[in-house]
Amino acid sequence: MDNQIKELRKSKKLSQEALANACNVSRQTVNAIENNKYYPSLELAFQLAGNLNVSVDELFLYKNRGNL
């Protein structure tokens, strides 16, 4: 799953720290999510999207890796 967090965060001139504080998580968590090393909970995904003024499906791109 890819995400647009870094691009959207930078376009809004927000630091990782500022976004993390708005979502009540650590800067390291935001960094890990941006680098696809950690997948956020659904609640955190909605918080990130809300703070970046986009929908969750605009923020995250699911890559289908095969049929389920």
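## A leucine with many neighbours

Let's start at Leu-52. Leaving out residues up to four places away in sequence, Leu-52 touches Ile-5, Leu-8, Arg-9, Lys-12, Leu-14, Leu-19 and Leu-59. Keep in mind while exploring these contacts that the model is predicted.

Leu-52 also belongs to the largest nonpolar core, which has 14 residues. The members with the most contacts inside this core are Ile-5, Leu-19, Ile-33, Leu-48, Leu-52, Leu-59 and Phe-60. Helices α2, α3 and α4 each supply at least two residues of the core, and α4 gives the most, with four residues.

## The chain as a whole

Stepping back, the secondary structure comes to five helices and two strands. Along the sequence they follow the pattern β-α-α-α-α-α-β, so a strand comes before the helices and another after them under the DSSP-based numbering from the N terminus.

For overall dimensions, the C-alpha atoms fill a box of roughly 40 × 20 × 20 Å along the principal axes. The radius of gyration is 12 Å, which agrees with the value near 11 Å for a compact globule of 68 residues. Buried residues make up 29% of the 68 residues. The accessible surface comes to about 4,700 Å², and 49% of this surface belongs to carbon and sulfur atoms. Among contacts between residues at least 6 apart in sequence, 56% join residues at least 24 apart.

## Helix α2 and its buried face

Helix α2 spans residues 16–23, and its buried residues are Gln-16, Leu-19, Ala-20 and Cys-23. Seen down the axis of α2, these buried residues fall within an arc of 100°, so they line one face of the helix. The cover over them includes α1 (5–11), α3 (27–34) and α4 (42–51). After α2 comes Asn-24, whose phi is positive, near 60°.

## Helix α4, buried on one side

In α4 the buried residues are Leu-44, Ala-45, Leu-48 and Ala-49. They cover an arc of only 135° around the axis, which puts them on the same side of α4. Turned away from that buried side is a face carrying the exposed residues Glu-43 and Phe-46. Covering the buried residues of α4 are elements including α1, α2, α3, α5 and β2 (60–61).

Asn-53 follows α4 and has a positive phi, near 60°. This asparagine is found in the loop between α4 and α5. Asn-53 counts as exposed because its relative accessible area is 61%, over the 50% cut-off. From Asn-53 to Lys-63 the separation is 10 residues in sequence and 23 Å in space, C-alpha to C-alpha.

## Two buried polar residues

Glu-34 lies in helix α3. With a relative accessible area of 9%, Glu-34 is buried, as the cut-off for burial is under 20%. The side chains of Glu-34 and Arg-9 are joined by a polar contact of 2.6 Å. Not counting residues up to four places away in sequence, Glu-34 touches Asn-3, Ile-5, Lys-6, Arg-9 and Gln-16.

That last partner, Gln-16, lies in helix α2. Gln-16 counts as buried because its relative accessibility is 13%. Setting aside neighbours within four places in sequence, Gln-16 is in contact with Arg-9, Arg-27, Val-30, Asn-31 and Glu-34. Arg-9 therefore touches both residues, with heavy atoms within 4.5 Å: it appears among the contacts of Glu-34 and among those of Gln-16.

## An exposed aspartate in α5

Our final stop is Asp-57, placed in helix α5 (residues 56–59). Asp-57 is exposed, with a relative accessible area of 63%. Its side chain makes a polar contact of 2.4 Å with the side chain of Ser-55. Asp-57 and Asn-3 are 54 residues apart in sequence, while their C-alpha atoms are 9.4 Å apart in space. Asn-3, for its part, is also one of the residues that Glu-34 touches.

Notes. Residues numbered from 1 in each chain as written. Predicted model: local features only at pLDDT ≥ 70, side-chain atom pairs only at ≥ 80, totals over all residues. Heavy atoms only, no water. Buried < 20%, exposed > 50% of the residue type's maximum accessible area, 1.4 Å probe, protein only. Polar contact = N/O pair within 3.5 Å; in protein donor to acceptor, adjacent residues only side chain to side chain. Arc of directions from axis to C-beta. Rg over C-alpha atoms; globule rule 2.2 N^0.38 Å. Areas by Shrake-Rupley, 256 points an atom, 1.4 Å probe, with all protein chains shown as cover. Core = buried A, V, L, I, M, F, W, Y, C linked by side-chain atoms within 4.5 Å.
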